There are 6 protein chains.
Amino acid sequence: MRTDGRQASEIRPIHIDTEYLIHPEGSVLITVGDTKVICTASIEERVPPFMRGEGKGWITAEYSMLPRATQTRNIRESSKGKVSGRTMEIQRLIGRALRAVVDLEAIGERTVWIDCDVIQADGGTRTASITGAFVAMAHALNKLHKDRKLSKYPVVDFLAATSVGILENKEVVLDLNYIEDSAAQVDMNVVMTGNGEFVELQGTGEESTFSYNELQDLLKIAQSGITELFEAQKSVLGEAVVKKIEEARVKKGAKK
Amino acid sequence: MRTDGRQASEIRPIHIDTEYLIHPEGSVLITVGDTKVICTASIEERVPPFMRGEGKGWITAEYSMLPRATQTRNIRESSKGKVSGRTMEIQRLIGRALRAVVDLEAIGERTVWIDCDVIQADGGTRTASITGAFVAMAHALNKLHKDRKLSKYPVVDFLAATSVGILENKEVVLDLNYIEDSAAQVDMNVVMTGNGEFVELQGTGEESTFSYNELQDLLKIAQSGITELFEAQKSVLGEAVVKKIEEARVKKGAKK
Amino acid sequence: MRTDGRQASEIRPIHIDTEYLIHPEGSVLITVGDTKVICTASIEERVPPFMRGEGKGWITAEYSMLPRATQTRNIRESSKGKVSGRTMEIQRLIGRALRAVVDLEAIGERTVWIDCDVIQADGGTRTASITGAFVAMAHALNKLHKDRKLSKYPVVDFLAATSVGILENKEVVLDLNYIEDSAAQVDMNVVMTGNGEFVELQGTGEESTFSYNELQDLLKIAQSGITELFEAQKSVLGEAVVKKIEEARVKKGAKK
Amino acid sequence: MRTDGRQASEIRPIHIDTEYLIHPEGSVLITVGDTKVICTASIEERVPPFMRGEGKGWITAEYSMLPRATQTRNIRESSKGKVSGRTMEIQRLIGRALRAVVDLEAIGERTVWIDCDVIQADGGTRTASITGAFVAMAHALNKLHKDRKLSKYPVVDFLAATSVGILENKEVVLDLNYIEDSAAQVDMNVVMTGNGEFVELQGTGEESTFSYNELQDLLKIAQSGITELFEAQKSVLGEAVVKKIEEARVKKGAKK
Amino acid sequence: MRTDGRQASEIRPIHIDTEYLIHPEGSVLITVGDTKVICTASIEERVPPFMRGEGKGWITAEYSMLPRATQTRNIRESSKGKVSGRTMEIQRLIGRALRAVVDLEAIGERTVWIDCDVIQADGGTRTASITGAFVAMAHALNKLHKDRKLSKYPVVDFLAATSVGILENKEVVLDLNYIEDSAAQVDMNVVMTGNGEFVELQGTGEESTFSYNELQDLLKIAQSGITELFEAQKSVLGEAVVKKIEEARVKKGAKK
Amino acid sequence: MRTDGRQASEIRPIHIDTEYLIHPEGSVLITVGDTKVICTASIEERVPPFMRGEGKGWITAEYSMLPRATQTRNIRESSKGKVSGRTMEIQRLIGRALRAVVDLEAIGERTVWIDCDVIQADGGTRTASITGAFVAMAHALNKLHKDRKLSKYPVVDFLAATSVGILENKEVVLDLNYIEDSAAQVDMNVVMTGNGEFVELQGTGEESTFSYNELQDLLKIAQSGITELFEAQKSVLGEAVVKKIEEARVKKGAKK
């Protein structure tokens, strides 16, 4: 039994509040256990300089934590005057992951800005960010499509992420909270699409290593967790949007 | 009648959620109309270098906006690598205001870090931050006192803030929302204590000026609004805390 | 009696050297007691990007202190690589104040850069900067007008500033020097126009508060001090310029 | 057949020059195809502040590219005044990977600084850096051990890294050069220890995804490539050092 | 004849105002033609970390220009957030030059901070800074000696600097103003001591070169100019200080 | 006899590896004793903004040291977030020196970026950089000329640099290594052209001075060393290039 009473393969309670803020084109408050992240999607009617004139869009993400999202207060990155390596790694990961399920040509020369602001942290903030950001982005892009600004439906698959790990007692567990994460020997973030493919796999031995067999166990448990996340996303996206994404996925597959 | 249907001297609906986050010693979500700010108070068991050995504490504040708290997305200050003049002005104001109602010797060599993070903005974010931060700070310091770490009760008065202004039609109004604020000729932030004294008065003609008589009207309307804010604060602080603050205020007055 | 022998409502000796430097369009060395500030006004034939095409001008200010303007040496902000919150507050204040007495449309798409460099500091550097900068700016804009580059006279009123405060002994005093300022309970900067209106009012209790009645006393004494500053400005601006400003003020009033 | 004539599972020619520089405790020039990296290991007789007094050491890495290591010149990060997200990701990866094969308690309160400077780039610079840095570090730590400054042999396994990927034509290939890397659908960096365990696994679909079966193919081919890298490392480390590392590995396994 | 009517070997009028500011230990306003620099010397009762415990002092310099010291306004280095290469070169030069005529052991573990702030520029600002800074420093160190804080007289020689150059018409000239400097083919800064030795010689062909013979001409004319600067320094330092410096120079020579 | 057994006027062994890297238009590894610098020349088909439309080119240089080029590890300037004064001085020197032997009009609106990266340092890194950069630049520009992109041959003379100095024992020596440089009383960098003219002369007394006669000795020994450097450059440039440079020099002389 785990510190918070869960089974090894049990994910924490998930809740996704949609239309959480009035200004952004898409916004959610995602709660995974005690981890809470505000994810917003903003549409900008142009792309960064290096992409101009290519007729396709861009998705980029920023990630931050409130100073007191954590047990002890962290110094703001704006006060330090620079963004940490950890933050940069996470925001590159979120952006890359989302781009894998969007038809960038379909959104035209627009940028989708994703902002993930962790207001409370208890492990798994980067994976909760991806899972929540997908919903915010889907709302924002669905709105663009409804407003007849796009000729093709741009979201071509679902996307969710979780973490898995190997604890000090060698147990393979799903969705680590902060205490587990701090002590884990192996930590792996898995990002998957609705059709069961991987987008990102980042496994790290923390002053430790993992075998081929352990890897298989980690992947299996991750897949089961992500399936639950897809259910949570679909229930808040609503049937109409789910159907459109599934149709776009089929069309994309047909073309390949 | 104002754009949102209010009377000239009508404040927007106020709501203060307390114990909003699990980690900080004090935390609230304050809502004033469509403006929403997360205010946290964190206790650090030391003071900044320039105050060491003086036997008294310090209160400092930081202020930030989520990129999409506003109508259009703002670039993060952490990405720009520096904090804007506006942000610095606001965080200096919040810290200074709170220090006026705390007996810094009573808190010993500790720092109270106040973090005000605007998650949704519709005018009056700095005054909402002060009003909310007071409650978060009072909770955190009350806890320290209950834990018998302080010999004296440190909060010696209530503190709240609002904005008043003169619109283009020369009307003097209370608690400006974003649309009103953008077009106002005169904008004034007023911070007051529970016993009716001023802590800060910042009046600015925006490419305009104001007369001595207009100033009197602005102050009168501000006072009425702040009285309502004190009611909202007291109802969430609870009778026991309110009583302790009032006793501390009396004691301080007696000593003078 | 005050530390330097002045009466409570006595301003320090004022001296304004005009055409102090050969390169700027306007330049003064203003001396208020032992406080000395070089103020220059530079005309740039364009406005910042956010204002282009609007057919109006802009006024912006920068403020700095020589490292040894003060009792002990300060580290240069260029060495620290960033501008302090205090500096930003002051330069925003100076720019805002000057914009209140200039018809920005009359100056066309030009920027007036104001630079206030404190070479010796003894309290009141920000208010001396405003008072001196007004003269430097008036000279620079008068020159533009004389050169027939402007169709309307752009300076529509006089502008000066002083500080007032409440000392530890509760005495209300005018034009605080550094020793008084360090110990004052309340510090207030007042910026006024030639027709007796307020442009800025920034009153701050330093770990202290002030009552409505004290505020009235502060304002009264400030007004008397500013009247003396206007005399000093007018004597160096010369009759012709004073007359033009007064005519522009009347015209502007007539239009309202 | 690949652009440079290699088979899908063929690694590029590897060359490791040891004792490449006179000053560092360990230094190599590693060449993998046209990719050339200078890797140095420097011993500092203290640890970073957050680790003081814990009786164990630390390993940290920095990575950089000469401006003209690439086809077109890159701006120096020192000129830009900040380190890019990509660089931070890579230096965190190198440090973490090396720490997995070193007994940090055995090195005492010392820091091993690893510097990887790419003087010529043709894909795979981060994996070449890890492979080369291991040799530089092993030399530096071996020297410390020979000088009788360590009671235990600190290097407890071999470590090497390579990249694998899936090209546009769906072919799974080993050790991608720059042209292949730019066009690959999936890119995976694999870091392994001498006993066949994983330390890091970072697989990324570039606007693409990969299946469970493709993952197995990628891992298989990576393992074969890394085996060749171990041979290259062992031949330059020399029999005596190889033997000591293997003994340390056995001892560590025995203890578990 | 030169643009300002001078002979080739004629220096511009020199004026040195001493005790120019009330706070610094030494301060001058030096005027060389239209170039005006405020030079201050501040004594700090400690040395930088890298020199602690060596029983000797340090002299360091900072240099800056007011934004409107020049024909067109320059952006402040504090606004840019970094100090330019030109500024760094100049401040390193000033510090190094002054250290050559001070017995660093005689001043004990103190730092002399030199600040040179150009308020008006017309060529030769770095050499005017050195010449003025010497006087400010001599005053500050003389005061320390008079206060019996030093056992030995620390200033062991005079120091002054000028610029020489070769104009487009091949004429070798002394003390170039801004117009001459902009067009010169060769520019040379010469720093000399009272006994006729060189401290610094920095000659630069600006997209041009100079011969051995031209070098001799440049040095000769520089020497004559510096002799005049020594006269100006001596007249403001006063006989007593001049005598002490000359005695210290003789003693130092005797010891060699 | 010197610490490394050389005569006072003996230069260290010089070796220049050309075409050292595959990507840059010109690249060398220059070795002077134990000092090793990679110098590259990159051609960019545009000039910096301040030079656009003038029909001439620009040459600019950057200089850096690997962290472990030296006895003890230096912090990277990219980690510090700023470039040191020493680095700025050196890169300005290198750029300025190279511009003196290139006909900037002949290269058209192009920028030559010179990068000098010191991989091993033992004194004289800036002069080795100039000597090596000249060869890399000559190769790059020769290639442009061969490709018929330039109508005139742009390199109009040879360029090399060395250091000379006066040791503590008053001996005048050529090409100081690190140990000598650290203890030298006078240090002088001399940059000369193939026709025996000076481009730069930077002599510095390190808490010391030098006489007119010592200067003559320093210049004489510098000239002899630079002659050897020209021989080394010519032997790797090849007869054809040497001839073209000499012809361009004659033509330029003829025109004057």
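Two residues are in contact when they have heavy atoms within 4.5 Å of each other. Keep that in mind for these exercises on a predicted model.

**Exercise 1.** Work out how many residues of chain D are in contact with chain A, and how much area is buried between the two.

*Solution.*
- Step 1: Go through the contacts. You should find that 33 residues of chain D touch 33 residues of chain A.
- Step 2: Turn to the area. About 2900 Å² is buried between chain D and chain A, and carbon and sulfur atoms give 51% of that.
- Step 3: Look for the big contributors. Glu89(D), Phe198(D) and Glu207(D) supply 20% of the area that chain D buries against chain A, more than any other three residues.

**Exercise 2.** Count the salt bridges between chain D and chain A, then test the pair Lys56(D) and Glu207(A).

*Solution.*
- Step 1: The count comes to 4 salt bridges.
- Step 2: For your pair, the N to O distance is 3.9 Å. The cut-off is within 4 Å, so a pair like this counts.
- Step 3: Add the polar contacts to your notes: 15 residue pairs, both at pLDDT 80 or more, lie between chain D and chain A.

**Exercise 3.** Find which element gives the most to the side of chain D that touches chain A, and what it pairs with.

*Solution.*
- Step 1: H2, S8, S9 and H5 of chain D each supply at least two residues to that side.
- Step 2: S9(D) gives the most, with 8 residues.
- Step 3: Sort the residues of that side by type and you get 13 nonpolar, 11 polar and 9 charged.
- Step 4: S9(D) pairs with strand S9 of chain A in the antiparallel sense, over 5 bridges. Here Thr204(A) sits opposite Glu200(D).

Methods:
Residues numbered from 1 in each chain as written. Chains lettered and ligands numbered in written order. Predicted model: local features only at pLDDT ≥ 70, side-chain atom pairs only at ≥ 80, totals over all residues. Heavy atoms only, no water. Buried area = accessible area lost by both parts, 1.4 Å probe. Salt bridge = Lys/Arg side-chain N within 4 Å of Asp/Glu carboxyl O. Polar contact = N/O pair within 3.5 Å; in protein donor to acceptor, adjacent residues only side chain to side chain. Helix = DSSP H or I, 4+ residues; strand = E, 2+ residues; numbered from the N terminus. Nonpolar A, V, L, I, M, F, W, Y, C, P; charged D, E, K, R; others polar. Pairing = 2+ DSSP bridges.
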